[in-house]
Amino acid sequence: MTSFAAVSAVRRALGAAKAGHGGTLDPMATGLLPIAMGEATKTLSYIVDSRKSYRFTVRWGEARDTDDSEGAIVATSPHRPNPDAIEAALPCFEGVIEQVPPSYSAIKVEGRRAYALARAEIPIVLPPRPILIESVALVDIPDADHAVFEVECGKGAYMRALARDMAVMLGTVGHVAALRRTAVCPFTEQDAIALDKVQAVRHSDAVPQQVLPLTAALAD
């Protein structure tokens with residue numbers, strides 16, 4: 001499901017005249033998607049610009065054209081980084097860094113989405129841009145092929161690009177095998193309402209009572 005489809009489902013279920021989201025999630029991703037309705041849509045710019053937190057798994061040894069598991073394999077490597085090497089590389093990805101976004105992204109190139117050009121096999125070159133990575137931590141190594149990270153970052157940071165670049169620095173290739181957004185400041189997963197629950201109750205009083213007031217978006 002795309003972020004747009006999630007917004008549409010919520011808007012229909014709650015009878016909102018208008019709705020929008022606070023930052024696109026990749027279709028393969030899970031986790032938090034802030035959705036504003038009615039007058040609250042005017043606060044979305046604050047949410048889009050806010051700090052975000054992610055947990056993602058890198059699959060070492062395979063590069064994919066989308067930088068995630070949904071794409072085609074474009075390169076392989078037998079090398080697998082050890083925990084010490086991974087930990088040593090992480091400081092290089094903290095602070096304000098230059099990042100080249102994935103070719104399969106929603107960034108516009110001469111009026112067209114980059115992913116549309118990539119799917120049409122039209123060559124594109126996306127310039128690097130500055131992003132803020134507040135912290136990146138290695139939290140688990142389930143096996144030699146995978147490593148799990150948690151990241152806090154600013155606007156416009158792609159975890160797929162971060163995984164790709166970390167793999168290259170570590171002498172291999174890689175892609176994101178799993179991705180979950182755990183927070184969009186000031187909201188966390190504890191604030192979330194499951195989409196299937198929203199769709200199930202539709203116009204009953206159960207979900208509207210859980211919807212946060214407009215001022216919640218300005219809590220920080």
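These legends go with a set of close-up views of a predicted model.

**View 1. Strand 11 with a strand on either hand of the pairing list.** Strand 11 covers residues 146–153 and pairs with strand 4 in the antiparallel sense, over 8 bridges. Look for Thr-57, whose bridge partner in strand 11 is Val-148. Strand 10 (residues 129–143) also runs antiparallel to strand 11, and 7 bridges join the two. In that second pairing, Val-136 stands opposite Val-151 of strand 11. Strands 10 and 11 make a hairpin, with 2 residues between them. A handy reminder while tracing the side chains: in a regular strand they alternate between the two faces of the sheet.

**View 2. Ser-53 and its neighbours.** Ser-53 belongs to strand 4, which spans residues 52–60. Its relative accessibility is 8%, so Ser-53 counts as buried. Leaving aside residues up to four places away in sequence, Ser-53 touches Val-151 and Glu-152, along with a run of Arg-180, Arg-181, Thr-182 and Ala-183. Val-151 is the residue that Val-136 stands opposite in View 1, and Glu-152 comes back in View 6 as the salt-bridge partner of Arg-51.

**View 3. The aromatic cluster of Phe-56, Trp-60 and Phe-149.** These three residues form one aromatic cluster. The count of aromatic pairs comes to 2. One of them is Trp-60 with Phe-149, an edge-to-face pair at 6.4 Å centre to centre and 90° between the planes. Trp-60 sits in strand 4 and Phe-149 in strand 11, so the pair ties together parts that are 89 residues apart in sequence. Trp-60 counts as buried, at 1% relative accessibility. Phe-149 is buried too, with a relative accessibility of 0%.

**View 4. The largest nonpolar core, and a separate second one.** The largest nonpolar core holds 31 residues, and Phe-56, Phe-149 and Met-159 have the most contacts inside it. At least two residues of this core come from each of strand 4, helix 3 (83–89), strand 10, strand 11, helix 5 (159–169) and strand 12 (174–184). Helix 5 gives the most, with 5 residues. Centre the view on Met-159 and you'll find that it touches Tyr-54, Phe-56, Val-151, Cys-153, Val-176 and Leu-179, not counting residues up to four places away in sequence. Away from this set there is a second, separate core of 6 residues, which includes Ile-47, Phe-187, Ala-216 and Ala-217. As general background, nonpolar side chains tend to be buried together in soluble globular proteins.

**View 5. Helix 1 and what it packs against.** Helix 1 runs over residues 3–14, which makes 12 residues. From first C-alpha to last it reaches 17 Å, close to the 16 Å expected at 1.5 Å a residue. Its buried residues are Ser-3, Ala-6, Val-7, Ser-8, Ala-9, Val-10 and Ala-13. An α-helix has 3.6 residues a turn, so residues three or four places apart point the same way. The buried residues of helix 1 pack against strand 1 (19–21), strand 3 (35–37) and helix 6 (195–201). After the helix comes Gly-15, with a positive phi near 65°.

**View 6. A selection of salt bridges.** The structure holds 11 of them. In one, the side chains of Asp-26 and Arg-160 meet at 2.8 Å, N to O. Asp-26 lies in the loop between strand 1 and strand 2 (30–31) and Arg-160 in helix 5, so this pair ties together parts 134 residues apart in sequence. Asp-26 has 18% relative accessibility and counts as buried; Arg-160, at 4%, is buried as well. Another salt bridge joins Lys-42 and Glu-39, also at 2.8 Å, N to O. Here Lys-42 is exposed at 56% relative accessibility, while Glu-39 is partly exposed at 47%. In the Arg-51 and Glu-152 salt bridge, the closest N and O atoms are 3.8 Å apart. That pair links distant parts of the chain, with Arg-51 in the loop between helix 2 (44–48) and strand 4, and Glu-152 in strand 11, 101 residues apart. Arg-51 is partly exposed, with a relative accessible area of 29%, and Glu-152 is partly exposed at 30% relative accessibility. Finally, Arg-59, Glu-62 and Arg-64 are linked in a network of salt bridges.

Key
Residues numbered from 1 in each chain as written. Predicted model: local features only at pLDDT ≥ 70, side-chain atom pairs only at ≥ 80, totals over all residues. Heavy atoms only, no water. Helix = DSSP H or I, 4+ residues; strand = E, 2+ residues; numbered from the N terminus. Buried < 20%, exposed > 50% of the residue type's maximum accessible area, 1.4 Å probe, protein only. Contact = heavy atoms within 4.5 Å. Pairing = 2+ DSSP bridges. Expected span 1.5 Å × (residues − 1). Phe/Tyr/Trp six-rings, centres within 6.5 Å; stacked < 30°, edge-to-face > 60°. Core = buried A, V, L, I, M, F, W, Y, C linked by side-chain atoms within 4.5 Å. Salt bridge = Lys/Arg side-chain N within 4 Å of Asp/Glu carboxyl O.
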